[in-house]
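Biologist: Please choose one part of this model and take me through it closely, explaining each term when it comes up. I would like a single connected account rather than a list.

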Amino acid sequence: MAKNEWFTFPASGDDGRTIIVTGRIDVEKYRSRERNNIRVEVTLPYTPAGEYGFPSDDDAELLEKITDAFEEALKGKNTALLTGIYTGAGERNWVFYTFSTEVFGTFLNRVLAPFPQLPLSIYAENDPEWAEYDEMKSICASAVEAGLTDTIDD
């Protein structure tokens with residue numbers, strides 16, 4: 001399997017609006033290291049452009065620049081692994097797994113330094129079973145069954 005492979009599918013948010021879920025496929029090497037058991041979620045709200053809750057073109061461009069900055073900063077590093085991206089209902093949520101919240105905080109500050117101050121919320125918890133990641137893949141499997149996306153490899 002090639003590195004940096006992703007799947008994308010639509011899901012429904014709590015309010016019924018569509019959330020676009022993008023998940024990383026190639027996680028096993030990182031996941032197999034027991035120390036990488038802390039999940040960190042970084043959430044950035046935006047003003048939805050329309051009834052569906054998706055970002056405006058300008059906000060979408062900023063969100064992609066931030067995502068690209070995360071991916072570029074993590075290339076070849078074991079600081080963290082970006083495993084999921086949820087976009088819709090007025091927010092973008094990046095999900096990472098890491099071994100240290102202190103190291104992750106330093107990474108986050110360094111990566112986001114070039115951007116304007118952002119109204120982020122950051123949540124972290126121990127997730128040694130990678131429950132959030134497994135739930136995301138389960139939701140994707142349901143989307144595949146419904147014909148909303150292509151199949152993914154386990």
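Modeller: Throughout, helices (H or I, at least four residues) and strands (E, at least two) are DSSP runs that are numbered from the N terminus, and two strands pair if DSSP finds at least two bridges between them. The model is a predicted one, in which local features need pLDDT of at least 70 and side-chain atom pairs count only at pLDDT 80 or more, while totals for chains, interfaces and linings use all residues. Residues are numbered from 1 along each chain as its sequence is written, and side-chain values use heavy atoms, with hydrogens and water left out.

The part I would choose is the sheet, together with what packs on it. Six strands form this open sheet, in the order 1-2-4-5-3-6, and their pairing is antiparallel. Strand 1 and strand 6 (121-126) stand at the edges with a single partner strand each, so one side of each has no neighbour in the sheet. From one strand to the next, the twist averages 20°; here axes are lines fitted to C-alpha atoms, for helices over the stretch in contact, and angles run from 0 to 180 degrees between N-to-C directions.

Let us start at the edge formed by strand 1. Strand 1 is joined to strand 2 by seven bridges and runs antiparallel to it, with A11 standing opposite I19 of strand 2. These two strands form a hairpin in which five residues lie between them, and in the turn G16 has a positive phi of about 90°. Strand 2 is mostly covered, with five of its seven residues buried, where buried means under 20% relative accessible area, exposed means over 50% and partly exposed lies in between (1.4 Å probe, protein chains only).

On the way to strand 4, strand 2 pairs with it in the antiparallel sense over four bridges, and within this pairing the bridge partner of V21 is Y86 in strand 4. Strand 4 also holds T83, a residue that is buried because its relative accessible area is 0%. When neighbours within four places in sequence are left aside, T83 is in contact (heavy atoms within 4.5 Å) with W6, T22, G23, R24, V27, V95, F96, Y97, W130, Y133 and M136.

One of these contacts of T83 is W130, which is found in the loop between strand 6 and helix 4. W130 has a phi near 55°, a positive value in a residue other than glycine, and W130 counts as buried because its relative accessibility is 1%. A89 also has a positive phi, of about 55°, although it is not a glycine; A89 lies in the loop between strand 4 and strand 5, and its relative accessibility of 27% is why A89 counts as partly exposed.

Beyond that loop, strand 5 is joined to strand 3 (residues 38-45) by eight bridges, and the two run antiparallel. The bridge partner of V40 in strand 5 is F96, a residue that was also named among the contacts of T83. Helix 2 (residues 57-74) lies across strand 1, strand 3, strand 4 and strand 5, running at about 10° to strand 5. Helix 3 (residues 101-112) likewise packs on the sheet, where it touches strand 3, strand 4, strand 5 and strand 6, and its direction makes about 30° with that of strand 3.

Between strand 5 and helix 3 there is a loop, in which S100 is found. S100 is buried, because its relative accessible area is 17%. Although S100 and R39 are 61 residues apart in sequence, their separation in space is 9.6 Å, C-alpha to C-alpha.

Strand 3 itself is mostly covered, seven of its eight residues being buried. Its pairing with strand 6 is made by six bridges, again with the two strands running antiparallel, and the bridge partner of I38 in strand 6 is N126. With strand 6 we have come to an edge of the sheet again, since strand 6, like strand 1, has a single partner strand.
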